[in-house]
Amino acid sequence: KLGDFEENIFELMSHHDVVLNFSESESFSMVSLEALLVGKVLIATDSGGPKELFENGKSGFLVERDIQAIKSKMVLVASDAELRREIGIEGKRFASLKFDHITSAKRLKEIYLSQVTKTQD
């Protein structure tokens, strides 16, 4: 049974070791990003957005929508505490750097200014 709406997803995720996201399609996966930012191992299907959020095998795991591939990665992660620790740390580091609000604002400003400059030429 699914629970009620959770206002503090980071608190909820902090009680778990792994977050699974086996969606058929994702444009940008907030669940996946939140898992990475809280330092949890993420195993997600190769369904669009998740592959943009981490480096497969280094800061999370991307799997095909195949039950054996999913099972294999889940067993690997469940059986290796050190791997979970390392992937969690790297996932948090990578996502924090890539999606830092200051860095994102600077990138957006650069894009905007480059477009303004092009239209003035």
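Before I turn to the pairs themselves, a helix here is a DSSP run of H or I that spans at least four residues, with helices numbered from the N terminus. Please keep in mind throughout that what we are looking at is a predicted model.

My topic today is the salt bridges, and a search of the whole structure finds 4 of them; I will go through three, including two that lie in helix H4. As general background, side chains of opposite charge can pair when their charged atoms come close.

Let me begin in helix H4, which covers residues 81-98. Here the side chains of Glu82 and Arg85 meet in a salt bridge, with 2.8 Å from N to O. Because these two residues are 3 apart in the helix, about one helical turn separates Glu82 from Arg85. Glu82 is partly exposed, at 37% relative accessibility, and Arg85 is partly exposed as well, with a relative accessible area of 45%.

Further along in helix H4, Glu90 and Arg93 are likewise 3 residues apart, about one turn of the helix, and they form a salt bridge whose closest N and O atoms are 2.6 Å apart. Which of the categories does Glu90 fall into, buried or exposed? Since buried means under 20% relative accessible area, Glu90, at 15%, counts as buried, whereas Arg93, at 38%, counts as partly exposed.

Finally, I would like to point out Asp46, which forms a salt bridge with Lys51, the closest N and O atoms being 3.6 Å apart. Asp46 counts as partly exposed at 32% relative accessibility, and Lys51 is also partly exposed, at 43%.

Note on methods. Residues numbered from 1 in each chain as written. Predicted model: local features only at pLDDT ≥ 70, side-chain atom pairs only at ≥ 80, totals over all residues. Heavy atoms only, no water. Buried < 20%, exposed > 50% of the residue type's maximum accessible area, 1.4 Å probe, protein only.
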